[in-house]
Amino acid sequence: MSSLASIFMVKRLSASEKRRHDIGAANDADDDKSAPLMGLSNNHSHDYKPTPKHRKYTRPFLLTCPAFISLILLSLLFGILATTLLAVTNPTIKRALVPAPKKLHKPCGSTPSEARKAGCHFDVISFCWLPDACYDAELSQQFDSENKLEWYLDPNRTLPLGHQEIMTGEYTGLYVNWEYHLRHCTAMWKKMHRAVLGGGGREAIDGYIGIYEHTEHCEMMLLGDRSIEWEAINTRIAVKFPDCGV
């Protein structure tokens with residue numbers, strides 16, 4: 001019995017030990033399985049960094065904004081300088097940039113009565129009806145007072161007209177002497193010069209003296225035959241209604 005018991009006990013003990021061994025192995029396996037999980041959990045707990053939300057990147061914008069504005073201003077300045085340089089050096093561009101002068105077409109009509117209704121003035125220098133913009137009253141009065149002007153209905157001086165009759169602007173095709181013709185030319189040049197210096201510019205020059213042919217005509221009269229006596233009646237003058245502005 002003792003031997004059997006011992007054998008049985010050994011077996012039982014062996015079974016018990018086996019059971020304990022199995023339980024211990026299972027526990028070790030559980031520990032081995034849980035260890036990696038805990039390790040993973042520990043690693044995540046230490047390595048986790050929350051991602052910031054709604055981060056504002058204002059500093060790069062503040063650094064580039066002044067540079068961008070400076071580039072725009074420099075570009076505008078360069079464009080202005082380039083345009084100015086082209087306008088100064090290129091006559092075609094210069095003329096295109098200068099606004100066209102204001103031109104009045106037939107501002108005084110075509111008859112003395114229409115001219116008076118339009119408020120125009122009769123210029124004794126040129127025999128033109130002119131609006132305020134093209135009428136140099138001071139020069140016209142100076143010309144009238146400083147020269148002994150004579151007007152005739154015929155070349156033989158048999159039908160003279162008085163000053164008051166002339167200033168009505170109603171008479172056309174009158175005969176005047178050579179002196180009147182030459183003084184008319186120099187006075188018209190004065191008028192153009194005064195228009196430029198006075199600020200009126202081309203808008204203050206009427207269409208009669210504004211054409212280049214009139215200047216060429218006066219040049220021929222002044223430099224032509226100098227043997228003609230100033231009192232000679234060799235010029236005929238007509239009333240005109242030119243444009244204002246050239």
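**Aromatic pairs, a nonpolar patch and local contacts**

At a relative accessibility of 6%, F143 counts as buried, where buried denotes under 20% relative accessible area, exposed over 50%, and partly exposed the range in between (1.4 Å probe, protein chains only). The model is a predicted one, in which local features need pLDDT of at least 70 and side-chain atom pairs count only at pLDDT 80 or more, while totals for chains, interfaces and linings use all residues. Residues are numbered from 1 along each chain as its sequence is written, and side-chain values use heavy atoms, with hydrogens and water left out.

Rings of Phe, Tyr and Trp (for Trp, the six-membered ring) were taken to pair if their centres lie within 6.5 Å, with planes under 30 degrees apart counted as stacked, over 60 as edge-to-face and the rest as tilted. By this rule, the count comes to three aromatic pairs. In one of these, the ring centres of F122 and W129 are 5.6 Å apart and the planes stand at 55 degrees, so the pair is tilted; both F122 and W129 are buried. F143 and Y180 form an edge-to-face pair, with 5.9 Å from centre to centre and 80 degrees between the planes. Because F143 lies in helix α5 (residues 137-146) and Y180 in helix α7 (residues 178-197), this pair ties together parts that are 37 residues apart in sequence; helices here are DSSP runs (H or I, at least four residues), numbered from the N terminus. Y180 likewise counts as buried, at 4% relative accessibility. Ring pairs also link F122, F127 and W129 into a cluster.

On the surface, F68, I69, I72, L73 and L76 make a nonpolar patch of about 510 Å², a patch being made of residues with over 30% relative accessible area and no salt bridge, with nonpolar side chains (Val, Leu, Ile, Met, Phe, Trp, Tyr) joined within 5 Å and like charges within 9 Å. The accessible areas come from the Shrake-Rupley method with a 1.4 Å probe, for which only the protein chains shown count as cover for residues; a salt bridge requires a side-chain nitrogen of Lys or Arg within 4 Å of a carboxyl oxygen of Asp or Glu. Within this patch, L73 is placed in helix α2 (residues 58-89) and is exposed, with a relative accessible area of 53%.

G207, in helix α8 (residues 207-210), is partly exposed at a relative accessible area of 23%. Residues up to four places away in sequence being excluded, G207 touches P242, D243 and V246, contact meaning heavy atoms within 4.5 Å.

Note on methods
Helix = DSSP H or I, 4+ residues; strand = E, 2+ residues; numbered from the N terminus.
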